[in-house]
Amino acid sequence: MKHNSFSMGFEIKTNPGAVHTPSQFNCWNKNNDSAEYTPTSTLKYMNDALIGMNFHVLNQFKRASSSDQQFVSQYLKNIDPYFEIYANSSERLAEINKKSSIQKKFTNRDFVTHFEKEFSHILEKCFGQDEVHFKTINQALNCMADFEKKLGSALLYNFSIQFSDLFTQKLISFYSFLFHMRTVVTMNHNNQVEDSAFESIKCDSINDYLAKTDFTVNDALLYWQFKKLATPFVGTPDVRVEKLLVNPLEQSFQKYNHNACALINNLPESFLTFHSAVQLEESLHQVQIDWLLGSSCGLLFRLREECFGLEHGYDKIFWPETGNIGQKRSANLKFCFELLESDLITNKKVA
């Protein structure tokens, strides 16, 4: 019996720079581009397949055959790690929420629904039948900025929003498409560097968005200790301690340890007091990772960074240390693959 399969070819054109940044994405037509369309049956990396499969999801299978649509719908969530990662992290957040109400009640659901519709419309414009219109990335950034403004607080460590399941799936596909597109650019860059020790770059699905999470935890513990010690001096008749000590220290924490302050201020006191000192350190580390990977605002936060990268250049947003590397000319990266059902079954058994 012939195994089901999915094949695709696409080209990513890039802008010049220390690190290439995609400027165009075009799918190959299996009939018109037959000379170039020679898929390889063995995938060294799964990144290009994930890019292709998520592209078809995001353009609502405008070009895909019925068999391709069936294959992608059946297997994408099984092989794309970010769907499972989101599910696992959001499940842990739900357990915490049961104990300490980590997710705040947000009453204005209408503006969240409006955002989902508006952003979905932008995605429809972004993902055409055979290409990605990168010019709409700026519209996506403006839409997210407007959403954050209406939210009334920053996205960072915000637990107050829960998008609908269907919209969440769209955002995960969009994020996976953008992130894996950046990974293939990264691999191409690393294959061409002369000194891998100093010129190589890497993609990190956590540190690219939340740098030095361990340091943030240490700063958060210090800030929480300060808040506990300062509580008796706030609102007392003698305002000198509050004015001359508590307030200046609070401003310094906000200035130099912004992420740590955001983490503590967005967590309920019941969560912070429930754990011992050792447990709290572990819990703070886990909750910030789960927020990033398994919450609506965390997902939007990651998407915004990827969109900033496309808008301003990967080297500016993710790898500023490459500023001393020589500029590279624009490049055309071509990918063509065939993914067999038997490959996925074999990989699942091995895993």
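**Questions on a predicted model**

Colleague: How far apart are the mean positions of the positive and negative charges of the protein?
Modeller: The protein carries 35 positive and 40 negative charges, where Lys and Arg count as positive and Asp and Glu as negative, while His and the chain ends are not counted. Each charge is placed at NZ of Lys, CZ of Arg, CG of Asp or CD of Glu. The separation of the two mean positions in the protein is 3 Å.

Colleague: At which pLDDT do side-chain atom pairs count in this predicted model?
Modeller: Residues are numbered from 1 along each chain as its sequence is written, and side-chain values rest on heavy atoms, with hydrogens and water left out. The model is predicted: totals for chains, interfaces and linings use all residues, local features need pLDDT of at least 70, and side-chain atom pairs count only at pLDDT 80 or more.

Colleague: How many helices and strands are there in the protein?
Modeller: Elements are DSSP runs numbered from the N terminus, with helices (H or I) of at least four residues and strands (E) of at least two. The C-alpha atoms fill a box of roughly 80 × 45 × 40 Å along the principal axes. By the DSSP criterion, the protein has 15 helices and four strands.

Colleague: What percentage of the 351 residues counts as buried?
Modeller: The accessible surface comes to about 18,300 Å², with 51% of it belonging to carbon and sulfur atoms; the Shrake-Rupley method was used with a 1.4 Å probe, and for residues only the protein chains shown count as cover. A residue is buried under 20% relative accessible area, exposed over 50%, and partly exposed in between (1.4 Å probe, protein chains only). The buried portion of the 351 residues is 48%.

Colleague: What share of the contacts with a separation of 6 or more joins residues 24 or more positions apart?
Modeller: A contact requires heavy atoms within 4.5 Å. Among contacts in the protein with a separation of 6 or more, the share from residues 24 or more positions apart is 78%.

Colleague: In what order do the four strands form the open sheet?
Modeller: Strands of a sheet pair through backbone hydrogen bonds, either parallel or antiparallel; pairing is assigned where DSSP finds at least two bridges between two strands. Here the pairing is antiparallel, and the order is β3-β2-β1-β4.

Colleague: Which are the edge strands?
Modeller: An edge strand of this sheet pairs on one side only. The two strands in that position are β3 (131-132) and β4 (332-340).

Colleague: Which residue of β4 stands opposite Lys13?
Modeller: Strand β1 (residues 5-15) is joined to β2 (residues 21-27) by six bridges and to β4 by nine. On the β2 side, Lys13 has Gln24 as its bridge partner. On the β4 side, Lys13 faces Asn332.

Colleague: Why is β1 described as largely enclosed by the rest of the structure?
Modeller: Helix α2 (residues 66-79) lies across β1 and β4 and runs at about 75 degrees to β1, where axes are lines fitted to C-alpha atoms, for helices over the stretch in contact, and angles between N-to-C directions run from 0 to 180 degrees. Strand β1 is largely enclosed because its buried residues number eight of the eleven.

Colleague: Which residue of β3 stands opposite Phe25?
Modeller: A hairpin of five linking residues leads from β1 to β2, and Asn15 has Thr21 of β2 as its bridge partner. Strand β2 is joined in turn to β3 by two bridges. Across that pairing, Phe25 faces Val132.

Colleague: Is Asp290 buried or exposed?
Modeller: Asp290 belongs to helix α12 (residues 277-294). Beyond its neighbours within four places in sequence, Asp290 contacts Ser89, Arg92, Leu93 and Ser295. With a relative accessible area of 1%, Asp290 is buried.

Colleague: How far apart in space are Val241 and Ile172?
Modeller: Val241, in helix α9 (residues 240-256), is partly exposed because its relative accessible area is 31%. Leaving aside neighbours within four places, Val241 contacts Phe233 and Val246. Ile172 is 69 residues from Val241 in sequence, and the C-alpha to C-alpha distance is 48 Å.

Colleague: What is the relative accessible area of Lys212?
Modeller: Lys212 lies in the loop between α7 (196-199) and α8 (213-230) and has a positive phi of about 55 degrees although it is not a glycine. Lys212 is exposed, its relative accessible area being 56%.
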